Amino acid sequence: MNALAYSQGFLPNSHGEPIIRFYAIAILLGALVALFLSSYRAHKDGYDWTFFGTIFLVAFPCGIIGARIWFVIAEWKTFAADPFPAIFEIWRGGLAIQGGAIGGVLAGALVAFFFRKGTPLLKCTDYAVPTILVAQAIGRWGNFFNQEVFGHAVSPEAWSFLPGFITYNMQNGSLPMGGQNGVLPAGSIAVPLFLVEGMLNVAFFILITKGLTSALGKRYKDGDSTFAYFIAYGLVRFLLEPMRNSQFIMGGVEDQKSTGMAVAFIVIGVVLIVINHVLRLLNDRHLFDKVPVLGDKVLPYLRKRATEVVEMEVSSSSSSKEGEMVDLDKIKALGKKDEDEKKE
């Protein structure tokens, strides 16, 4: 049997256990690719290549923590029967991507809000959040190396177009791959769920970053790409859950927690996009100015942040010579004139 058996990793310690596992390498590589793509997208709009450096250093570990917390909550029946320290034994496996996405996005957004004041928060998240799909596509190869999270048994002919090293290792390797008595039926392979999900994630990344802005045109608002990520992730999980081997369904087949969470992600993404557009429409009509708390405290602060954005963009993109003053009032007046023309 041509088995991969890379779950053991390499660089064993004195007990023969691996110090570095291929699963960890896949996750880290995916995160670094996401960092590069985020930085590249921000750089195209004139920001420095190091824009996401600090954000990444906070968001990545918070994503790991969020993934562990989500998994522990979802599998609490199992952890309740174990000693308390088992909750922290992350090296024994047990991460949920849903929690990782939420933890990483929230942490990154907070860092951007407090330390990237020259950039609108939602524009900042639009650069980064969709790239999580690519990180997930790469990270899923960790499931391939671990020979886990695969689909139902199917005929090898159904996937004959794939390279042999993939189909060979979707058979019974060093670890049991489901089916009767933990073994696949003779002459069958497991659906390479990691590959299907990875391809769908990359496709949605392209749709969000390229197709969404083109489809919405002038109706596109900062934040739409961020919230579309939640819809895309939910759709991918919803489509793949029926293909997943029952032993890898979170909470078991009866609870259907994974399907429920997929639907929740879709609903949350749609609701956030609607709220994003409604709030902007109300703000454009100055309806929030009449609300005491918003009109007195919140809106002035947000408008101050917006002014800082204008000043930063002007100072970075101005072609004026050194020592020449830039008239910000004129530039702001031109910007207001453009907005008025769009409304007409």
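A salt bridge is taken here as a side-chain nitrogen of Lys or Arg within 4 Å of a carboxyl oxygen of Asp or Glu. In this predicted model, arginine 244 and glutamate 241 meet that description, with their closest N and O atoms 3.2 Å apart. Arg237, Glu241 and Arg244 are joined into one network by salt bridges that share partners. Arginine 244 counts as buried at 4% relative accessibility, and glutamate 241 is likewise buried, at 5%.

The structure holds four salt bridges, among them the three listed here.

| Salt bridge | Closest N to O distance |
|---|---|
| Arginine 244 – glutamate 241 | 3.2 Å |
| Glutamate 197 – arginine 140 | 3.2 Å |
| Aspartate 222 – lysine 123 | 3.9 Å |

Glutamate 197 belongs to helix α9, whereas arginine 140 sits in the loop between α6 (132–139) and α7 (141–146), so this pair ties together parts that are 57 residues apart in sequence. Glutamate 197 is buried, with a relative accessible area of 2%, and arginine 140 is buried at 8%.

Aspartate 222 forms its salt bridge with lysine 123, and the pair links distant parts of the chain, 99 residues apart, from the loop between α9 (193–216) and α10 to helix α5 (residues 121–128). Aspartate 222 is partly exposed at 22% relative accessibility, as is lysine 123 at 21%.

On the surface, Phe238, Leu239, Val263, Val267, Val271, Ile275 and Leu279 form a nonpolar patch, together offering about 570 Å² of accessible area. Helices α10 (224–240) and α12 (257–284) each supply at least two of its residues, and α12 gives the most, with five. Valine 267, found in helix α12, is partly exposed, with a relative accessible area of 46%.

Conventions
Residues are numbered from 1 along each chain as its sequence is written. This is a predicted model: local features need pLDDT of at least 70, side-chain atom pairs count only at pLDDT 80 or more; totals for chains, interfaces and linings use all residues. Side-chain values use heavy atoms; hydrogens and water are left out. Patches are made of residues with over 30% relative accessible area and no salt bridge: like charges are joined within 9 Å, nonpolar side chains (Val, Leu, Ile, Met, Phe, Trp, Tyr) within 5 Å. Accessible areas come from the Shrake-Rupley method with a 1.4 Å probe; for residues, only the protein chains shown count as cover. Helices (H or I, at least four residues) and strands (E, at least two) are DSSP runs, numbered from the N terminus. Buried means under 20% relative accessible area, exposed over 50%, partly exposed in between (1.4 Å probe, protein chains only).
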